[in-house]
Amino acid sequence: MRTYLVTGGAGFIGSNYIHYMFRKYGDQIRIINVDKLTYAGNLENLTEVEKLPNYTFVKADICDKEAISGIFAENDIDRVVHFAAESHVDRSIKNPEVFVQTNVLGTAVMLNAARAAWEKEDGTYPEGKKFLHVSTDEVYGSLPEGEGYFYETTPYSPHSPYSSSKAGSDMLVKAYMDTYHFPANITNCSNNYGPYQFPEKLIPLIINNALNGKKLPVYGDGKNVRDWLYVEDHAKAIDMVQEQGRLFETYNVGGHNEKQNIQIVEIIIETLQEMLPDSDPRKAHVSKDLITYVEDRKGHDRRYAIAPDKIKAEIGWEPETMFKDGIKKTIRWYFEHEDWMKNVTSGDYQKYYETMYTV
Ligand code: NAD
Ligand code: DAU
């Protein structure tokens, strides 16, 4: 039975990946999920799998060398899938240091521990040991409107403390591959959306505010473009890269789905209006009148767009979920999980919202 060490599996993409992997492989795999449970980590995302005999949760910080080496010492880990990170750009602008700590140093700890556990005396690695570093398209910087794409060969040009710290972590992984022939891959993915996403990010924030009749904050002129991918398609890409990709390669993962932020907000409102029955009192306040333009994000990247040509040509992966279907599934999930939203928006999130937004 193959053993996976997943970091950050209690977050948005990590928990969706764990669900995907158990759906696909069932009892053929074992997953150890190591997560510090920061504000973004939520064990409620994993209630469906927590009792499985082939699933283990370990609460630990990826910066804690002893804890991470201990996991490798006690388990014969075959695959590492490294999601754990500070992931929100606005938080990185307010408080950059923790991003360097977790994203750069934490990745260094993970790489060192995996190498120490796996490397043989002759500098080679046992067949089947693989480390996948989950990264972002933001490392490539910003594209002009309507022109060009991010390829694996595009030079790095990060602008925010978040994307710089992710670029730093990518460089470390590249250095380990070049220096130690460490068996790894990097994936650089575009914006994800779907179930279990923390409502500091655009799509769940807008769904939650609209349902509660709160203003819908749009940064700047609302015309910044992101390339949206349904999270399950990302989970599938990660698995396919690890199983079918060439070691030491980077693969860009993207949705072929560019949208301006204002279009996203309008689609959410229209979809909510369609989906809410007339008898639902929330239907009265879900309206475009809630849209409020606010001060722009500092250093706001104008446009991201991935060219997923390499992953399609080499591995056969391509996005499967059309945005019109994915956004409906996502909104339906938030409808059906009101308690999840209540729990994550109580307490600390409320304080965060008040420091970030005056609307
Ligand atoms: P998230 O913020 O929802 O989850 C991050 C998880 O990591 C949380 O469970 C948190 O508790 C955990 N974590 C944070 N610091 C930790 C530490 N020091 N030790 C152990 N665990 C820690 O993030 P996400 O959106 O699920 O993103 C996951 C990964 O995917 C990140 O590396 C991110 O850079 C990358 N990514 C995200 C997107 C996106 O659109 N969300 C797109 C491309 C790449
Ligand atoms: O591109 C991949 C990246 O996508 C990931 O690496 C990051 O972890 C993830 O957070 C995401 O980054 P973005 O900054 O693109 O996502 P966010 O949801 O924060 O914002 C999406 C766009 O919407 C961006 O242009 C800023 C804008 N925005 C965001 C919020 C939260 C608003 O206009 N209003 C808002 O309230």
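Me: Which residue's side chain has an N or O atom 2.9 Å from a nitrogen atom of ligand 1?
Reply: First, this is a predicted model: local features need pLDDT of at least 70, side-chain atom pairs count only at pLDDT 80 or more, and totals for chains, interfaces and linings use all residues. Side-chain values use heavy atoms, with hydrogens and water left out; residues are numbered from 1 along each chain as its sequence is written, while chains are lettered from A and ligands numbered from 1 in the order in which they are written. The residue whose side chain has an N or O atom 2.9 Å from that nitrogen is aspartate 61.

Me: Which residue puts a backbone N or O atom 2.9 Å from an oxygen atom of ligand 1?
Reply: Isoleucine 62 has a backbone N or O atom 2.9 Å away too, but from a nitrogen atom of ligand 1. For the oxygen atom, the residue with a backbone N or O atom at 2.9 Å is glycine 11.

Me: How much of the accessible area of ligand 1 does the protein cover?
Reply: Accessible areas come from the Shrake-Rupley method with a 1.4 Å probe (for residues, only the protein chains shown count as cover). On its own, ligand 1 has 840 Å² of accessible area. The protein covers 96%.

Me: Which element gives the most residues to the shell around ligand 1?
Reply: The shell has 28 residues, among them Ile13, Asp35 and Tyr162, which are some of those that come nearest; a residue is in it if one of its heavy atoms lies within 4 Å. Helices (H or I, at least four residues) and strands (E, at least two) are DSSP runs, numbered from the N terminus. At least two residues each come from α1 (12–25), β5, α5 (161–180) and β7 (191–193). The top giver, with 3 residues, is β5.

Me: How many charged residues are in the shell around ligand 1?
Reply: Ala, Val, Leu, Ile, Met, Phe, Trp, Tyr, Cys and Pro count as nonpolar, Asp, Glu, Lys and Arg as charged, and the others, Gly among them, as polar. By class, the shell around ligand 1 has 13 nonpolar and 11 polar residues, and the number of charged ones is 4.

Me: Which residue has a side-chain N or O atom 2.7 Å from an oxygen atom of ligand 2, apart from threonine 136?
Reply: Threonine 136 has a side-chain N or O atom 2.7 Å from an oxygen of ligand 2. Leucine 202 uses a polar backbone atom, 2.8 Å from an oxygen of this ligand. The side-chain partner at 2.7 Å that you're after is tyrosine 357.

Me: How much of its area does ligand 2 have buried by the protein?
Reply: The shell here has 24 residues, and the closest include Thr136, Asp137 and His300. Taken alone, ligand 2 exposes 690 Å², and the share the protein buries is 95%.

Me: Which strand supplies the largest share of the shell around ligand 2?
Reply: α6 (202–211) and β8 (216–219) each supply at least two residues. The largest share, 3 residues, comes from β8.

Me: Why is one side of β3 and β10 left without a neighbour in the sheet?
Reply: Two strands pair if DSSP finds at least two bridges between them. The open sheet of 7 strands runs β3-β2-β1-β4-β5-β6-β10, with parallel pairing. β3 (55–59) and β10 (250–253) stand at its edges, so one side of each lacks a neighbour, as each has a single partner strand.

Me: Which residue in β6 stands opposite threonine 136?
Reply: Strand β5 (residues 130–136) and strand β6 (residues 184–189) pair in the parallel sense over 6 bridges. Opposite threonine 136 in β6 stands cysteine 189.

Me: Which are the edge strands of the sheet β7-β9-β11?
Reply: This open sheet has 3 strands, and the pairing is mixed. β7 and strand β9 (residues 225–230) pair in the parallel sense over 3 bridges. The strands that pair on one side only are β7 and β11.

Notes:
Polar contact = N/O pair within 3.5 Å; in protein donor to acceptor, adjacent residues only side chain to side chain.
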